[in-house]
Amino acid sequence: MLSLNYLNSIYSVMLSRKQLALLSVGTSLSFWDIFNVPYIIDYSAQQFHVPSSSPVANLPLTTEMIGYFLGGATNGLVSTYLGRKKGLVLTMLIIAIGSLIGLSSQDFLELSIAELLIGFGIEGEVAVIPSYVSEMTSASFRGRAVGLVNLGGFLMTLVVGPVAIFLGSGYWRLLFLAGLSMALFSAVFRVTLPESERWNKTRGEKVRISKSIIYFTLVWFFSYFAGYSLFSGTIFSIIDGKGFVNSSLYFTYILYGDPLGVTLSSILNDRIERKWSSSFSNVLSGVAILSWAFLSGLPFLVAGFISMFFQGFKFPTMYAYTSENLNTRVRSLGMGIADGIGHLGGAVGPLLVSLAYSTSPYYAIALMGLVSMISGFMLVKGRKVNGKELEAITEEVKEAEFDH
């Protein structure tokens, strides 16, 4: 049983709602950069006279995924050995540097370097935010807290689309400006945050890579393979092929499913068992993607919206679920490895989908849909976590791994 004195010491230092809201500001600007990418690829490809569906045009997206891989592991180590707070500050500084380079970029090489750094910072954010918030909130509020902190980021979708279309191909570099300014603001705020007491109490323990980390790395790899393929230049080509003239505008209509999914998931994150919500969101998104092959016009847009809805729905629940299944000593590192290496799926996915599209649009659609479903089916093997203390879940994981 868990010690009452231990729990009292943990709950004596919890995040206030104001602190959670201000944490969300930094997270929202990192996600602003994620949603920038499809528009940046489309507009920069026009300016640099490169087809938006070509591997060259998708190079910034690929380097961003590589940045995710590097950033997750690096900031996971920083947060594991030096503290969660130092990791929180580091992410914002790296995003600020990448945004500055992107703001002044003149070709795909500079864009790729900018997105590499931004991806590094964003994945560092993903590595530490779910861990820190999970450790600094109560068991009954943990799922919603993780979801709500990330909610501000995904709601950036509502802002990015109209701003990107307003700026157009002539001023697309200004999309980097918000990330630069707010990342600096967030870095200053985060210096004032308290350190995680759970981290303090386990900082001397040995770090071990568990089977759970490997399992969630594979889950995230397949999930990101499908998810980031939906942000690639190939999607604009698919929309064009369905007869829509302004692909950027209609992509925005589809993209709005994402923040709606995140919003509902964040609200319901402690009401629906996260094992099932994590699984079903990936499977249902895959089913909706497969339906694209048979649809056109308004039904196609509705199916695209549904695909994005479940892609958004998966994030609050999968972020919380992954962090809960890792013990405190390895939580931020495990999140960084699982989500960071998992993002290599986001690097591979757009390239393979682009190659599949060169043969047939139907191959590209089938590839995205089936891979999304694979990640969902893998999560069926998980355990129930809602309402349990993190330490109790850790004991269950240890027993399960020992039995095997």
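How far does helix α4 (residues 84–103) reach from its first C-alpha to its last, and what span is expected at 1.5 Å a residue? The points below take up this question first and then turn to the rest of the model, which is a predicted one.

1. Helix α4, with 20 residues, reaches 29 Å between its first and last C-alpha atoms, which is close to the expected 28 Å. The buried residues of α4 include glycines at three positions, Gly87, Gly98 and Gly102, together with nonpolar residues, among them Leu88, Val89, Met92, Ile94 and Ile95. Arg84, Thr91 and Ser99 are also buried in this helix.

2. For the fold as a whole, the protein has 19 helices and zero strands. Its radius of gyration is 20 Å, close to the 22 Å that the globule rule gives for 404 residues, so the protein is as compact as a globular protein of that length. Taken along the principal axes, the C-alpha atoms fill a box of roughly 65 × 40 × 30 Å. Buried residues make up 61% of the 404 residues, and, of the contacts with a separation of 6 or more, 87% are accounted for by residues 24 or more positions apart.

3. The protein is divided into domain 1 (14–197) and domain 2 (208–403), and the C-alpha centres of these two domains lie 18 Å apart. Between them, 48 residues of domain 1 are in contact with 51 residues of domain 2.

4. The largest nonpolar core holds 98 residues, of which Leu23, Phe251, Trp292 and Tyr319 touch the most other members. Helix α2 (residues 17–47) gives the most to this core, contributing 13 residues, and the core draws at least three residues from each of domain 1 and domain 2. In soluble globular proteins, nonpolar side chains tend to be buried together.

5. Phenylalanine 251 deserves a separate look. Leaving aside its neighbours within four places in sequence, Phe251 is in contact with Pro38 and Tyr39, with Leu230, Phe231, Ile235, Phe236 and Ile239, and with Met308.

6. Tyrosine 253 is placed in helix α12 (residues 247–255). With a relative accessible area of 41%, this tyrosine is partly exposed, because that value falls between the 20% under which a residue is buried and the 50% over which a residue is exposed. Tyrosine 253 and leucine 301 are 48 residues apart in sequence, yet their C-alpha atoms are 7.5 Å apart in space.

7. Helix α15 (residues 297–324) should span 40 Å, given its 28 residues at 1.5 Å a residue, and the 42 Å between its end C-alpha atoms agrees with this. A reader who inspects the helix should nevertheless note that α15 bends by about 30 degrees at threonine 317. The helix is mostly covered, with 22 of its 28 residues buried.

8. Two further residues can be checked individually. Threonine 62 lies in helix α3 (residues 59–81) and counts as buried, because its relative accessibility of 12% is under the 20% cut-off; leaving aside its neighbours within four places in sequence, threonine 62 is in contact with Ala347 and Leu351. Lysine 211, by contrast, is found in helix α10 (residues 211–229) and counts as partly exposed, at 47% relative accessibility. The C-alpha atoms of lysine 211 and leucine 326 are separated by 9.8 Å, although these residues are 115 residues apart along the chain.

Technical notes:
Residues numbered from 1 in each chain as written. Predicted model: local features only at pLDDT ≥ 70, side-chain atom pairs only at ≥ 80, totals over all residues. Heavy atoms only, no water. Core = buried A, V, L, I, M, F, W, Y, C linked by side-chain atoms within 4.5 Å. Buried < 20%, exposed > 50% of the residue type's maximum accessible area, 1.4 Å probe, protein only. Helix = DSSP H or I, 4+ residues; strand = E, 2+ residues; numbered from the N terminus. Domains from an automatic or database assignment. Contact = heavy atoms within 4.5 Å. Expected span 1.5 Å × (residues − 1). Bend = angle between axes of the 7 residues up to and from the residue. Rg over C-alpha atoms; globule rule 2.2 N^0.38 Å.
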